[in-house]
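Student: I have a structure to read and little practice. Can you take me through it?

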Number of protein chains: 2
Amino acid sequence: MRSRSICYLCLSDNEYKDFLLPAERAALATLFTSVVRINPEGFSDMDAWYAWLEKEKPEVLVTCWKTPTLPEDPKHPGLSELKYLCHLTGSVRKLVPRALIESGLIVTNWGSSISRVVAECGLLLILTELRRSSLWSLRMHRDNAWKGKDLDTRSLFNQKVGLHGLGSISRCLVDLLKPFDVSISAYSPSVPDETFEKLGVDRADSLEDLFSQNYIIVELAALTPKNHQIVDERLLKMIPEDGVFVNIGRGAVVDESALARLAAAGRIRVALDVYSKEPLPDDSPFRAIEHVTLLPHISGPTVDQRCAAGAHGVENLSRYVVQGELSAIVDLWGYDHAT
Amino acid sequence: MRSRSICYLCLSDNEYKDFLLPAERAALATLFTSVVRINPEGFSDMDAWYAWLEKEKPEVLVTCWKTPTLPEDPKHPGLSELKYLCHLTGSVRKLVPRALIESGLIVTNWGSSISRVVAECGLLLILTELRRSSLWSLRMHRDNAWKGKDLDTRSLFNQKVGLHGLGSISRCLVDLLKPFDVSISAYSPSVPDETFEKLGVDRADSLEDLFSQNYIIVELAALTPKNHQIVDERLLKMIPEDGVFVNIGRGAVVDESALARLAAAGRIRVALDVYSKEPLPDDSPFRAIEHVTLLPHISGPTVDQRCAAGAHGVENLSRYVVQGELSAIVDLWGYDHAT
């Protein structure tokens, strides 16, 4: 057990409200001598933020989307006591300079606490493209449309689904797909056979196999240097005619120009939540292809599920206090491979 | 075993292709002396249709959406031999005059063979409204939109779902909802307790209970005279603030004017596949409320799943031949309560 200290929360009003429910706030109050919240939206500039750090010298800091970037220099006086940064969301790349992790700062993020909510968005986009529902709603509103002879609706039942990547989101998606009697295969060389077996997922030996043998492809591969635009035109063209391509992973894993060409030609059905450039530029070709379903990167935690990430953070804080093992630690490997 | 006879298919080219796969066609060929198909789109008028019936005097007739209405008079010479009408889709009200059923004609329809595909559309519409995905896609295309501070996405996980009706579609929907750790209740006085228990669904004792105690309501009640506009403004206002109302049943069960007012005011999230008037009139208020998801009654069998209804029909035909028990018989009660 560590000596009790102050827990600093650098959270905006909305972040505090959405991520930390009353039960979690009560838990924090029992774990620390006191809990001090500062609203990052109140800092007039970076100097004000640094001055606050220098004045408070936090040992434990809870951060979120709105927290400003920490000082580059691990020897900055505002960082002299900092031991643990509990980040309530995902990537810390914009928040934590790499040198701080090199110098031993403990950093955790939301880990897999919201994976199932991202998986839910994947299922939504699959069903949407099969039924053409976003296109129908758009046309019902804009063109006074009604169905005609050209109906091309499809069902998920008994389809073949291919997952590019078999991390925690894919595993949650497998659970959601089960009631549809689908065959699922995945391409993920680093995942052992026993995980595939436990999930009831077939291993695809290559991306070529994955893309050519499945009618529905869900893109969930990590954005590593090796994966940059690995889903190229050649692979996309292997998807069976009228097949479905859903991206809830990272936009830059895909050659988006090739994807836009195939989508515009009606060769495959496409639904996207992520893009290599975000916000999606106004002149993106996708904006002009009305039968592509477009979301503004909202597969992450829905507002009502942010509390799951908050609870995960508070669990980590309680483990920190008793010097237990933290989960979802961002080490240098994770830092370098984050998106 | 009946004496082998001719099986007449009155199916358009698309109906024949979508509903009867090669395996079912082969099965039919073994069941009957011969199988004769006529394309209903080839009849110039009703006289031509009646003349064909008189000439062929079918005993067994397989019908679908395009089949013209049968003669009103059971003594019509074209009906003299007709014993079994195997309808491959749902309601036969526009096809079969009531008097024919009164006079003993056996009629079956697709029964519950496509219920799971309708349930799939229900899940799609629930997820769509929770995530606001059809609205986002519309705005991403039309307004070059991107997410901002006002994000109001929600997840299905751990929600309370209320089903109005507990027939075969609701039961399939329960299966699809299971992985989301939801609590499900249903209002359906005619369904026995043991069915609720088997499904893991709680019984709502009244519509008031159903609407006030659940965040998500799925409308699946049959359109009986008693149910006409039974979901009125008073009930709709009981749905918790920002709750979800999905209709994949029948439009006329709901007071659509009240629903449009509540939707326009942003009081609840609404997704509709069915309407009291179809096609939905151009001047329907729903068309102007862009945050209501609108589909053109496509919750029925997707094109790729019409074969399930065809297989169900062929199974019934095989039972007819061996004088076995048919499923999904349309009796007078079913006829009068169909939509």
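Tutor: We will go from the pair of chains down to single strands.

Tutor: First, the ground rules. This is a predicted model, where local features need pLDDT of at least 70, side-chain atom pairs count only at pLDDT 80 or more, and totals for chains, interfaces and linings use all residues. Residues are numbered from 1 along each chain as its sequence is written, while chains are lettered from A and ligands numbered from 1 in the order in which they are written.

Student: By what turn and shift can chain A be laid on chain B?

Tutor: Two copies of a chain are related by a rotation about an axis and a shift along it. Here a turn of 180 degrees and a shift of 0.0 Å along the axis lay chain A on chain B with an RMSD of 0.1 Å. That is the relation of a two-fold axis. In chain A, Ser134(A) has the C-alpha nearest the axis, at 2.4 Å. The superposition is by least squares on C-alpha atoms of residues with pLDDT of at least 70 in both copies.

Student: How many residues does each chain bring to the contact?

Tutor: Contact means that two C-beta atoms, placed from the backbone, lie within 7 Å. Chain A brings 46 residues and chain B brings 46 residues. On the side of chain A that touches chain B, helix 5 of chain A gives the most, with nine residues. Helices (H or I, at least four residues) and strands (E, at least two) are DSSP runs, numbered from the N terminus. Also, 100% of the interface residues of chain A are interface residues in chain B too, so the copies meet through the same surface.

Student: Is helix 6 of chain A mostly covered or open?

Tutor: Count neighbours. A residue is buried if 20 or more other C-beta atoms, placed from the backbone, lie within 10 Å of its own; it is exposed if 12 or fewer do, and partly exposed in between. Helix 6 of chain A is mostly covered, with eight of its ten residues buried. Among them are Ser134(A), Trp136(A) and His141(A). The buried residues pack against helix 5 and strand 12 of chain A, and against elements of chain B including helix 6 (133-142). After helix 6 of chain A comes Asn144(A), with a positive phi near 50 degrees.

Student: Is Ala23(A) buried or exposed?

Tutor: Ala23(A) lies in helix 2 (residues 22-31) of chain A. It counts as exposed, with 12 C-beta neighbours inside 10 Å.

Student: Which residues have the most contacts inside the largest nonpolar core?

Tutor: A nonpolar core is a set of buried Ala, Val, Leu, Ile, Met, Phe, Trp, Tyr and Cys residues joined through C-beta atoms within 7 Å. The largest has 195 residues, and Leu173(A) and Leu173(B) have the most contacts inside it. Beyond its neighbours within four places in sequence, Leu173(A) touches residues including Leu163(A) and Val218(A).

Student: What is the bridge partner of Leu163(A) in strand 9 of chain A?

Tutor: Strands pair if DSSP finds at least two bridges between them. Strand 6 (residues 160-164) and strand 9 of chain A pair in the parallel sense over four bridges. The partner of Leu163(A) is Val218(A). Val218(A) also stands opposite Val246(A) in strand 10 of chain A. Strand 9 (residues 216-219) of chain A has both faces covered: Ile216(A) and Val218(A) are buried on one side, Ile217(A) and Glu219(A) on the other.
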